Amino acid sequence: RITGIQRVAFELVKALDKIVEKNEFVIIAPDTELTNIELNNISVVKYGRLRGIAWQQVCYAFYLWKNDLNAICLTNILPIFYRRGMIMLHDVSYKANPNFFTSKRDRLSAIWHRVNYYLAAKSKMTILTVSNFSKSEIQKYYSVPGNRIHVIYNGWQHMNSVKVSDEIFNKNNLIKKGDYFFSMASFATNKNYKWIVNSAKNNPDKIFVIAGGGKMSIEKLKNMVVLGYVSDEDAKALMGNCKAFIFPTFYEGFGLPPLEAIASGANEIIVSDTPCMRRSEEHTSE
């Protein structure tokens, strides 16, 4: 039950663990949380009894201050009273697309994220991001000098360690290998799932499968299968055996699922014409 942003943070930590010195880095986690990550060089310290934002803004910040450490924040949010270290801003959608966030909860989330974007921009923290498009957006909306922003592209290599499972095909008779269109992302407005619903309506003889989760409700049709969250094993199987992987997003910082689908052996990838999805000379050489 993780999003692309959390996946990137998780995989970056695992990769970082392979190249750093013993105890050069430390993960601080709430003492009520369990960790399911095996690390050799990065130690894990459980500290503080708060949860969520309260833990991050109080316990995490206090631990950093008490031990004179640099923060590494990989999921868009920083401790607002300890702005030292680096932060990864995956995108600035909350600033660039306010029309995507209409519910009370979403508006509050947008305000909170914009505060973090602004404080990161005005601090001396190093800013990491996931594409040159996101870098240009951060510069556009927050006037951050380009030399403060470093691009680290999302990787696909984590898919190599995922074993394919046929269990998902055994569970649902509608999902037959090579005979369905597949999409996976969070159920957020910018993911444009309405396009897939309309495509399903216009093609009643085709099967459309959707995986992911979130607050948005998706209209259910007879030729649509809405799976909710799926395991990595099921996701790889669904990507590798679909007729095409569909990613009709309105706005992305990078767009990890299409890359995962390519790595899983998807027959075809269909993406929207947004800046970070376009093929460029820069990415062709990588």
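**Helix α7**

I started with helix α7, residues 193–202, and listed its buried residues: Tyr193, Ile196, Val197, Ser199 and Ala200. They cover an arc of only 160 degrees around the axis, so they sit on the same side of α7. I noted the background for this: an α-helix has 3.6 residues a turn, so residues three or four places apart point the same way. I then checked the face turned away from the buried side. Exposed residues Lys194 and Asn202 are carried there.

Before going on, I noted that this is a predicted model.

What covers the buried side of α7? I found that the cover includes four strands: β7 (181–184), β8 (208–211), β9 (224–228) and β10 (244–247).

**The loop before α7**

I looked at Asn192 next. Asn192 lies in the loop between β7 and α7. I read its phi as near 60 degrees, a positive value in a residue other than glycine. Most residues other than glycine have a negative phi. Is Asn192 buried or exposed? Its relative accessibility is 12%, and the cut-off for buried is under 20%, so Asn192 counts as buried.

**A second positive phi**

Asn23 also went on my list. I found its phi near 65 degrees, again positive in a residue other than glycine. Asn23 sits in the loop between α1 and β1 (26–29). Its relative accessible area is 51%. The cut-off for exposed is over 50%, so Asn23 is exposed.

**Helix α9**

I moved to helix α9, residues 256–264. Its buried residues are Leu256, Pro257, Pro258, Glu260, Ala261 and Ser264. I noted that Glu260 is among them. Which elements cover these residues? I found that the cover includes the helices α1 (4–17) and α8 (232–240). It also includes the strands β7, β10 and β11 (269–271). I had already met β7 and β10 in the cover of α7. After α9 comes Gly265, and I read its phi as positive, near 95 degrees.

**Helix α1**

One residue of α1 got an entry: Gln6, which is found in that helix. With 37% relative accessibility, Gln6 counts as partly exposed. I took one distance from Gln6, to Phe182. These two are 176 residues apart in sequence, and their C-alpha atoms are 21 Å apart in space.

**Helix α2, three residues**

I picked Val58, Tyr60 and Trp65 for the next entries.

Val58 is found in α2, which runs over residues 52–67. Its relative accessible area is 48%, and Val58 is partly exposed. I checked the gap to Pro79. The C-alpha atoms of Val58 and Pro79 are separated by 7.9 Å, with their positions 21 residues apart along the chain.

Tyr60 is in α2 too. Its relative accessible area is 10%, so by the under 20% cut-off Tyr60 is buried. Which residues does Tyr60 touch, leaving out those up to four places away in sequence? I listed Ile28, Trp55, Ala71, Ile72, Cys73 and Pro79. Pro79 thus came up again, this time as a contact of Tyr60. I also took the distance from Tyr60 to Leu50. They are ten residues apart in sequence and 9.8 Å apart in space, C-alpha to C-alpha.

Trp65 has its place in α2 as well. At 56% relative accessibility, Trp65 counts as exposed. I looked up its distance to Arg51. The two are 14 residues apart along the chain, and their C-alpha atoms are separated by 19 Å.

**The whole chain**

I finished with the overall figures. I counted ten helices and eleven strands in the protein. The radius of gyration is 20 Å, close to the 19 Å that the globule rule gives for 286 residues, so the protein is as compact as a globular protein of that length. The C-alpha trace spans about 60 × 40 × 40 Å along its principal axes.

How many of the 286 residues count as buried? The share is 46%. I also looked at contacts with a separation of 6 or more. Residues 24 or more positions apart account for 55% of them.

For the surface, I noted an accessible area of about 15700 Å². Carbon and sulfur atoms hold 52% of that surface. Last came the charges. There are 36 positive and 26 negative ones, and their mean positions are 7 Å apart.

Key: Residues are numbered from 1 along each chain as its sequence is written. This is a predicted model: local features need pLDDT of at least 70, side-chain atom pairs count only at pLDDT 80 or more; totals for chains, interfaces and linings use all residues. Side-chain values use heavy atoms; hydrogens and water are left out. Helices (H or I, at least four residues) and strands (E, at least two) are DSSP runs, numbered from the N terminus. The radius of gyration is taken over C-alpha atoms; the globule rule is 2.2 Å times the number of residues to the power 0.38. Buried means under 20% relative accessible area, exposed over 50%, partly exposed in between (1.4 Å probe, protein chains only). Contact means heavy atoms within 4.5 Å. Accessible areas come from the Shrake-Rupley method with a 1.4 Å probe; for residues, only the protein chains shown count as cover. Lys and Arg count as positive and Asp and Glu as negative; His and the chain ends are not counted. The place of a charge is taken as NZ of Lys, CZ of Arg, CG of Asp or CD of Glu. The arc is that of the directions from the helix axis to the C-beta atoms.
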